[in-house]
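Biologist: I would like to learn how to read a fold from its strands and helices, one feature at a time. Could you take me through this one, giving the idea before the case?

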Amino acid sequence: MKPLSETALSIKASTTLAVDSLAKSMKAGGLDVIGFGAGEPDFDTPDNIKAAGIEAIKTGKTKYTPAAGITELRVAIAERLKADLGLGYDYTQIVVAGGAKHNVFIALTALLNPGDEVILLAPYWVTYKEATIMAGGVPVIISAGEEANFKIRPEQIEEFITDKTKAIIINNPSNPTGMVYSRNDLKEIADICKKHDLYVVSDEIYYGLVYDGREFVSFPTLSEDAKERSVLINGVSKSYSMTGWRVGYSASNSQIAEVMSNYLSHSTGAPGTMCQWAAIEAVNGPQDSVEAMRKIFEVRRNYITERINKIPGVSCLIPEGAFYIMMNIKGLTGKSLGGQYINNDDDFAVAFLKKAMVAVVPCSGFGAPGFVRWTYAASMENIRSGLDRLESFLKGE
């Protein structure tokens with residue numbers, strides 16, 4: 001048999017999905033596993049949204065739609081972006097795809113030629129690197145450590161720009177760090193992108209989850225130039241607890257939107273029709289559930305970070321948005337825990353899962369070795385129990 005695609009063979013499975021899958025498999029086998037791996041709210045989809053999806057099925061809204069999504073949804077998204085962020089997009093500049101992850105990939109396929117470089121800010125979401133490679137690009141990684149609050153300084157970016165640099169991906173608020181870039185930082189990044197004529201893929205899927213009264217700034221709002229060179233990525237998965245509905249969207253200039261739409265027309269097409277009608281209710285309907293969920297996440301964030309920082313051997317920064325924390329386990333390397341020698345974060349995650357039956361995500365896949373990611377998109381009961389198990393695990397109990 002002839003060999004498979006070298007590009008395809010180089011792609012690694014999603015670390016987060018792999019950990020979540022293993023945890024669910026163990027749980028299905030009767031083990032008392034607590035999962036902190038998947039990045040999805042533990043709340044149910046609001047009833048009004050579920051009802052809209054059911055009504056769509058009952059009324060026969062189950063056929064093909066335009067590749068970029070039904071007009072009603074694209075109009076509703078444009079109106080939500082205007083209401084929440086003050087951004088003005090025509091509905092034709094909105095492209096709906098099978099989740100924000102899908103929009104990231106489709107955006108990169110629209111922007112990149114083979115060999116084009118894409119700057120990633122580490123720690124980064126695992127899919128950015130793999131999606132860049134899948135789209136024919138070359139990921140260029142810039143790292144910011146814990147001492148810098150995991151935030152890249154704008155001047156660092158310029159050092160890595162070459163004549164092959166085509167785009168930069170910004171995730172704000174960030175997965176996995178939960179950090180939020182300030183208006184001034186984003187302005188400086190926008191100036192660099194204008195100077196070097198770079199596209200910006202601005203993943204803002206967590207924009208509704210920002211804490212401590214902190215300001216969220218959408219990259220395309222910075223200037224008309226920033227808007228023109230941006231592909232804004234968002235969706236209904238996080239803010240409306242609709243991860244399984246698989247509805248994401250992008251907003252961009254008309255040329256990029258058309259190219260993305262054309263790509264979709266020859267690949268997946270749009271998400272399920274009934275899911276799109278449910279998404280209309282999400283963005284058009286009452287928004288009180290979004291704020292209610294945000295407040296609960298903030299309480300959980302405060303609890304999990306306070307407890308972790310009291311446990312000897314581990315620590316974490318307090319995230320500013322999203323629903324993740326990065327736990328520093330560098331002080332545990334070189335030790336044996338749960339019958340396993342800990343060389344790195346991968347070893348820790350395996351030992352913690354096997355011994356304490358708690359699933360966390362090793363952050364080496366995020367470009368941040370020495371850390372593991374917890375999500376606090378989990379019940380307070382599970383958070384308490386998970387941290388109790390952590391304490392016992394580290395004590396060798």
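Modeller: Let us begin with a pair of strands. Strand 3 and strand 4 run parallel and are joined by 6 bridges, and one place to look is Ala-122, whose bridge partner in strand 4 is Ser-143. To get from strand 3 to strand 4 the chain passes through helix 6, and this β-α-β crossover is right-handed. Please keep in mind throughout that this is a predicted model.

Biologist: What is the order of the strands in the open sheet of 7 strands?

Modeller: The order of a sheet is read across it, from neighbour to neighbour, and need not follow the numbering along the chain. Here the order is 2-8-7-6-5-3-4, and the pairing is mixed. Strand 2 (94-97) and strand 4 (138-143) are the edges; each has a single partner strand, so one side of each lacks a neighbour in the sheet. On average, neighbouring strands of this sheet are turned by 20 degrees against each other, direction ignored.

Biologist: Which strands does strand 5 pair with, and in which sense?

Modeller: Strand 5 runs parallel to strand 3 (residues 117-122), with 4 bridges between them, and Ile-119 has Ile-168 of strand 5 as its bridge partner. Strand 5 is also parallel to strand 6 (residues 199-203), to which 5 bridges join it, and there Asn-171 stands opposite Asp-203 of strand 6. Between strand 5 and strand 6 the chain goes through helix 8 (residues 183-196), in a β-α-β crossover that is right-handed.

Biologist: Is strand 5 buried or exposed?

Modeller: For burial one looks at the relative accessible area, and a residue counts as buried when that value is under 20%. In strand 5 (residues 165-171), 7 of the 7 residues are buried, so the strand is largely enclosed by the rest of the structure.

Biologist: Where in this sheet does the mixed pairing show itself, and which helix lies across strand 2, strand 7 and strand 8?

Modeller: For the antiparallel sense, look at strand 7 (residues 230-235) and strand 8 (residues 248-251), which pair in that way over 4 bridges, with Gly-235 bridged to Gly-248 of strand 8. The helix that lies across strand 2, strand 7 and strand 8 is helix 4 (residues 71-85), which runs at about 115 degrees to strand 2.

Biologist: How is the open sheet of 4 strands ordered?

Modeller: The same reading applies. The order is 9-10-15-14, with antiparallel pairing, and the edge strands are strand 9 (315-316) and strand 14 (361-362), each of which pairs on one side only. Strand 9 and strand 10 (residues 324-328) run antiparallel and are joined by 2 bridges, and Cys-316 stands opposite Met-327 in strand 10. Helix 12 (residues 288-308) packs on this sheet, where it touches strand 9, strand 10 and strand 15 (371-375), and its direction makes about 5 degrees with that of strand 10.

Biologist: At what angle do the axes of helix 3 and helix 11 cross, and which residues make the contact?

Modeller: For two helices, one reads the approach of the axes, the angle, the hand and then the residues. The axes of helix 3 (residues 47-58) and helix 11 (residues 273-284) come within 8 Å and cross at roughly 145 degrees, in a right-handed crossing. From helix 3 the contact has Asn-48, Ile-49, Ala-52, Gly-53, Ala-56 and Ile-57, and from helix 11 it has Met-274, Trp-277, Ala-278, Glu-281 and Ala-282. By class, these are 8 nonpolar, 2 polar and 1 charged residues.

Biologist: Which peptide bonds are cis, and where does each proline lie?

Modeller: For this one reads omega along the backbone. The bond from Ala-122 to Pro-123 is cis, with omega near 0 degrees, and Pro-123 has its place in the loop between strand 3 and helix 6. A cis peptide bond also joins Asn-172 and Pro-173, with omega about -10 degrees, and Pro-173 is in the loop between strand 5 and helix 8.

Biologist: What is the phi of Asp-197, and is Asp-197 buried or exposed?

Modeller: Asp-197 has a positive phi of about 55 degrees although it is not a glycine. Asp-197 lies in the loop between helix 8 and strand 6 and is exposed, with a relative accessible area of 56%.

Key:
Residues are numbered from 1 along each chain as its sequence is written. This is a predicted model: local features need pLDDT of at least 70, side-chain atom pairs count only at pLDDT 80 or more; totals for chains, interfaces and linings use all residues. Side-chain values use heavy atoms; hydrogens and water are left out. Buried means under 20% relative accessible area, exposed over 50%, partly exposed in between (1.4 Å probe, protein chains only). Two strands pair if DSSP finds at least two bridges between them. A crossover is right-handed if, with the strands pointing away from the viewer, the path from the first strand over the helix to the second runs clockwise. Axes are lines fitted to C-alpha atoms, for helices over the stretch in contact, and angles run from 0 to 180 degrees between N-to-C directions. Contact means heavy atoms within 4.5 Å. A crossing is left-handed if the near helix is turned anticlockwise from the far one by less than a right angle, and right-handed if clockwise. Ala, Val, Leu, Ile, Met, Phe, Trp, Tyr, Cys and Pro count as nonpolar, Asp, Glu, Lys and Arg as charged, and the others, Gly among them, as polar.
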